[in-house]
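Visitor: I would like to go through the labels attached to this model one by one, and hear for each how the value compares with the rule behind it.
Guide: Then let us look at the structure together and begin.

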Amino acid sequence: MPSPILRFAPSPNGHLHLGHAYSALFTDFWAQRLGGTFLLRLEDIDPARCRPEFADAIYEDLHWLGLGWPEPVMVQSERIPAYLAAADRLRALGLLYPCFCSRSEVAEQAIGTDPDGAPLYGGTCRHLTEREATDRLAHGEAAQYRLRTDAALALTGPISFTVAGPTPLDRPQIRYARPERWGDVVIQRKDVPASYHLSVVVDDAAQEITHVTRGVDMEAATDIHVLLQMLLGLGQPIYTFHKLILDADGKKLSKSKGSRTLRSLRESGWTAERVRTEVGF
Ligand SMILES: [Zn+2]
């Protein structure tokens, strides 16, 4: 058995809040329990939203919570060549196609919703001839690249993965992945040559992550991740899904809704110990 390696992978697009503190402490708890290593990774490939000062604040807030990790920290914006290579591998398998649709076109042509409630892509650009697609690209039209999910599944056959936890008393379970419910997902965005789905599996493999701890809001997306791992010949980690910390209205905390940040709590006198107690660690 390889030595357990776990990671906490926030995006520097805002300040951390209690939900992040819970996720980081949960990951650290499992790393300690397994006798493994806790790594930090910065998921900063979204240039429109990520800022260096938020990255600095993440280090500061996590250190304040009492967490530590080996250096250097993996930073996604430095990993573009690895994502391009992985996308090329999928392309060589005939599994990617360019999609020129705008967000509103995707919404208009949706054939339902995906597990996150977003419009399910209707597959318009799947049917473009190679000539049409090449012409549009040659004319400088921006394209995102989507996965032919049904063709991918025809290659891999049924896929399963192991779910452990969320408590050490829970028996591990084998779960079947159903990536088809996501339709033809975006693998390379128009603005960045990777999507979250692609970068997360490439990075988890590069960091030799053995146990992925993530919120239950990421449970369904794991189906796509295990499919990509199979297609790219990457190892498959064990997955543990943790609860989300909710606000007073029962909604998920989020940076965009201005949930109270760790630094604002700290400024109002909270200690790291109080944060730990508040989220149950
Ligand atoms: Zn399209």
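Visitor: Why is Cys-50 called buried or exposed, whichever applies?
Guide: Cys-50 has a relative accessibility of 17%, and since buried means under 20% relative accessible area, exposed over 50% and partly exposed in between, with a 1.4 Å probe and protein chains only, Cys-50 counts as buried. Cys-125, at 6% relative accessibility, counts as buried as well. A word on the basis: this is a predicted model, in which local features need pLDDT of at least 70 and side-chain atom pairs count only at pLDDT 80 or more, while totals for chains, interfaces and linings use all residues. Residues are numbered from 1 along each chain as its sequence is written, and side-chain values use heavy atoms, with hydrogens and water left out.

Visitor: How many disulfides are there, and how do you know?
Guide: A disulfide is a covalent bond between the sulfur atoms of two cysteines. The rule applied here asks for a pair of cysteine sulfur atoms within 2.5 Å, and by that rule the count comes to zero.

Visitor: Which atoms are the protein donors of the zinc ion, and what makes them donors?
Guide: They are SG of Cys-99, SG of Cys-101, OH of Tyr-121 and SG of Cys-125, lying 2.1 to 2.3 Å from the zinc ion. Donors are N, O and S atoms within 2.8 Å of the metal (3.2 Å for Na, K and Ca), and sites may look incomplete because water is not among the atoms. Along the chain the donors follow the spacing C-x1-C-x19-Y-x3-C, and both Tyr-121 and Cys-125 are buried.

Visitor: Why is the site of the zinc ion called tetrahedral?
Guide: The angles among its four donor atoms run from 99 to 120 degrees, and four donors count as tetrahedral if all angles lie between 85 and 135 degrees; four count as square planar and six as octahedral if opposite donors are over 155 degrees apart and all others between 65 and 115, and anything else is irregular. The site therefore meets the tetrahedral condition. For reference, the ideal angle for four tetrahedral donors is 109.5 degrees.

Visitor: What can be said of Ala-110 and its place relative to Tyr-121?
Guide: The C-alpha atoms of Ala-110 and Tyr-121 are 5.2 Å apart, with their positions eleven residues apart in sequence numbering. Ala-110 is found in the loop between helix 4 (103–108) and helix 5 (130–138), where helices (H or I, at least four residues) and strands (E, at least two) are DSSP runs numbered from the N terminus. At 28% relative accessibility Ala-110 counts as partly exposed. Leaving out residues up to four places away in sequence, Ala-110 touches Pro-119 and Leu-120, contact meaning heavy atoms within 4.5 Å.

Visitor: What makes Tyr-22 and Phe-281 a tilted pair?
Guide: Nine aromatic pairs are found in a search of the whole structure. Rings of Phe, Tyr and Trp (its six-membered ring) pair if their centres lie within 6.5 Å, and planes under 30 degrees apart count as stacked, over 60 as edge-to-face and the rest as tilted. The centres of the Tyr-22 and Phe-281 rings are 5.5 Å apart and their planes stand at 45 degrees, so the pair is tilted. Because Tyr-22 lies in helix 1 (residues 18–34) and Phe-281 in the segment after helix 10 (272–279), the pair ties together parts that are 259 residues apart in sequence. Tyr-22 counts as buried at 8% relative accessibility, whereas Phe-281 is partly exposed at 29%. Together with Phe-26, Phe-29 and Trp-30, these two residues form one aromatic cluster.

Visitor: How do you know that Arg-274 sits over the ring of Trp-270?
Guide: The charged end of Arg-274 is 3.9 Å from the ring centre of Trp-270, and a charge sits over a ring if NZ of Lys or CZ of Arg is within 6 Å of the ring centre and within 35 degrees of the ring normal. Arg-91 likewise lies over the face of Tyr-145, at 4.6 Å from the ring centre.

Visitor: Why is Glu-208 called exposed?
Guide: Its relative accessible area is 55%, so Glu-208 is exposed. Glu-208 is found in the loop between helix 7 and strand 9 (211–215), and its phi is near 55 degrees, a positive value in a residue other than glycine.
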